[in-house]
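Visitor: I would like a close look at the salt bridges of this protein. Please describe where they sit and what surrounds them.

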Amino acid sequence: MGRHLARRLVQIGVTDVFSVPGDFNLALLDHLIAEPGLNLVGCCNELNAGYAADGYARARGVGACVVTFTVGGLSVINAIAGAYSENLPVVCIVGGPNSNDYGTNRILHHTIGLPDFSQELRCFQTVTCFQAVVNNLEDAHELIDTAISTALKESKPVYISISCNLPAIPHPTFSHEPVPFALSPKSTNLMGLEAAVEAAAEFLNKAVKPVMVGGPKLRVAKACDAFVELADASGYAVAVMPSAKGLVPEHHPHFIGTYWGAVSTAFCAEIVESADAYLFAGPIFNDYSSVGYSHLLKKEKAIILQPDRVVIGNGPSYGCILMKDFLKALTKRLKQNPTAYENYHRIYVPDGHPLKCEPKEPLRVNVLFKHIQDMLSSESAVIAETGDSWFNCQKLKLPRGCGYEFQMQYGSIGWSVGASLGYAQAVPEKRLIACIGDGSFQVTAQDVSTMLRCGQKTIIFLINNGGYTIEVEIHDGPYNVIKNWNYTGLVEAIHNGEGKCWTAKVLYEQELIEAIQTATGPKKDCLCFIEVIVHKDDTSKELLEWGSRVSDANSRPPNPQ
């Protein structure tokens, strides 16, 4: 059974599995290691193993992690919840109790001291789309295959618990090489598609200045290319929601930037919110993406596309229509209308450049990101940690082929360390640039160790401003100030002479320029850790605006009863 599971993972495109060993999963890990196409990546803790599987799934389309029963499972569950919120297929495998212990009155270690072993399963039921408890060889084949295929079809995490005494036992169902999956594709209701396209074309063709906005569910709908084809054919101005950055090419001739309400990139919100029709493809409207519910959109002007549904204005609504099919059919029916883009082009004023720092002037965040912008190419990718990096990285202009990832819906601080590990492992040909705040780094720092073991060459910019700056701008208090660490000293200690690592601490612009030259030149094959010291109140103007609006939304008084 262990070999069957290993082969299945390789077949679906997983060549690296992130794990933390524990006595209930050791026999299973032996079988995963024995699979030639599979590399086992040992992580420092389960949370980072889960974050790594999340980052890996963003680059490869699917990821996997292996932990032990309950103590490992309940540690990884936060990362699995994040993957669920971001529609990422992650196979979470847990080594479970001996099959003979199920149904007995025994109390086992790694549990809460009750003879009921279902606590972990019950916890995972709300953050996975399928749960398989494999404690019997008779149905093991079916359960494992159903779980993995469900993860791929639903684009959500799944949970597989495998009893610790089963991986090595032969069974007739595992006697042959597993036949590769042939997943039956979801199909569109053609009558509904024709009605929806006709209604949408009429709605958009009568508009004077329509726009298109890409959302994060373009990824799960596999509709990014169809979205761009529609943009090409229609001539509409094209924007993205913040959580969709990287899904739509920013070199597109009609691209106007990120639509994020009051903190949109320059001139984008004005064009989107003044449009008389907007097509949103795969949006998530939450309190963060709507800047505390303050955006100026009207439902009656909107066509909302979800992965399998189309809603036009206040109605009608059409189900069982795949976004990709709808966009392709709509492309043939729209009149070209570049009015909104022409309006944008007329009012657009190029970005100013931050003032150059004086020789010994403390480094400013906007100067840091000007230099990060210059580092980007088709051979790089950016990971932005929850915090002010959301806003600063959002303003980066991504060259063709440059990857970009952040976790906006779940927003778990510390996500980026594990996600960088997983993403870099999935696409070793790209040089990853991770922008991480000091507060977030303190949550998950230890898996820099795993990056070194794997020979990764990521560049980490550790932005040291002495606290949880994003939370300061929402609601300040002494709890937002953190203990300062010697971050470069910590990474040197983790390095301990094993692997390729280079660190630098920069306070001034000239030091930053020299550090970047070293990281991209003589140390280009090393993990490069650059600690950037900035003032505690040095934030993007967007965070200041966003924080005050989210604070207002959080502090609304109860409705009168």
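Guide: In this predicted model, Glu86 and Arg58 form a salt bridge, with their closest N and O atoms 3.2 Å apart. The pair joins distant parts of the chain: Glu86 belongs to the loop between α4 (73-85) and β4 (90-96), Arg58 belongs to helix α3 (residues 46-60), and their positions lie 28 residues apart in the numbering. Both partners, Glu86 and Arg58, are buried. They also belong to a network of salt bridges that links Asp54, Arg58, Glu86, Arg219 and Glu405. Over the whole structure, a search finds 20 salt bridges.

Two further pairs can be set beside this one. Asp351 forms a salt bridge with Lys397, and the closest N and O atoms of that pair are 2.9 Å apart. Here too the pair links distant parts of the chain, with Asp351 in the loop between α11 (339-347) and α12 and Lys397 in the loop between α13 and β15 (403-406), 46 residues apart. Asp351 has a relative accessible area of 43%, so it counts as partly exposed. Lys397 is also partly exposed, because its relative accessible area is 45%.

The other pair is Asp101 with Arg106, whose closest N and O atoms are 2.7 Å apart. Asp101 is buried, as its relative accessible area is 11%, and the cut-off for buried is under 20%. Arg106 has a relative accessible area of 45% and is therefore partly exposed.

Lysines also appear in a positive surface patch, which consists of Lys186, Lys222, Lys324, Lys328 and Lys332. Residues of such a patch have no salt bridge. One of them, Lys324, is in helix α10 (residues 323-331). Its relative accessible area is 32%, so Lys324 is partly exposed.

Helix α10 is also one of the elements against which the buried residues of α8 pack, together with β7 (211-214), β8 (237-240) and β10. In helix α8 (residues 224-234), those buried residues are Cys224, Ala226, Phe227, Val228, Leu230, Ala231 and Ser234. Gly235 follows α8 and has a positive phi, near 75°.

From β10 (278-281) the chain can be followed to Ile284, which lies in the loop between that strand and β11 (302-306). Beyond its neighbours within four places in sequence, Ile284 contacts Pro216, Lys217, Met241, Ser289 and Gln409. The C-alpha atoms of Ile284 and Leu204 are 22 Å apart, and the two residues are 80 residues apart along the chain.

The loop that holds Asp351 leads to α12. In helix α12 (residues 365-375), the buried residues are Val365, Val367, Leu368, Phe369, His371, Ile372 and Met375. Their cover includes β14 (380-384), α13 (388-394), β16 (431-437), β17 (459-464), α19 (509-520) and β19 (527-533).

Ile459 is in strand β17. With a relative accessibility of 1%, Ile459 counts as buried. Leaving out residues up to four places away in sequence, Ile459 touches Met375, Arg431, Leu432, Ile433, Ala434, Ala519, Thr520, Cys528 and Ile530. Thr503 is 44 residues from Ile459 along the chain, and the C-alpha atoms of the two are separated by 9.8 Å.

Note on methods: Residues numbered from 1 in each chain as written. Predicted model: local features only at pLDDT ≥ 70, side-chain atom pairs only at ≥ 80, totals over all residues. Heavy atoms only, no water. Patch = residues over 30% accessible without salt bridge, like charges linked within 9 Å, V, L, I, M, F, W, Y side chains within 5 Å. Areas by Shrake-Rupley, 256 points an atom, 1.4 Å probe, with all protein chains shown as cover. Salt bridge = Lys/Arg side-chain N within 4 Å of Asp/Glu carboxyl O. Lys, Arg positive; Asp, Glu negative; His and termini not counted. Charge placed at Lys NZ, Arg CZ, Asp CG, Glu CD. Helix = DSSP H or I, 4+ residues; strand = E, 2+ residues; numbered from the N terminus. Buried < 20%, exposed > 50% of the residue type's maximum accessible area, 1.4 Å probe, protein only. Contact = heavy atoms within 4.5 Å.
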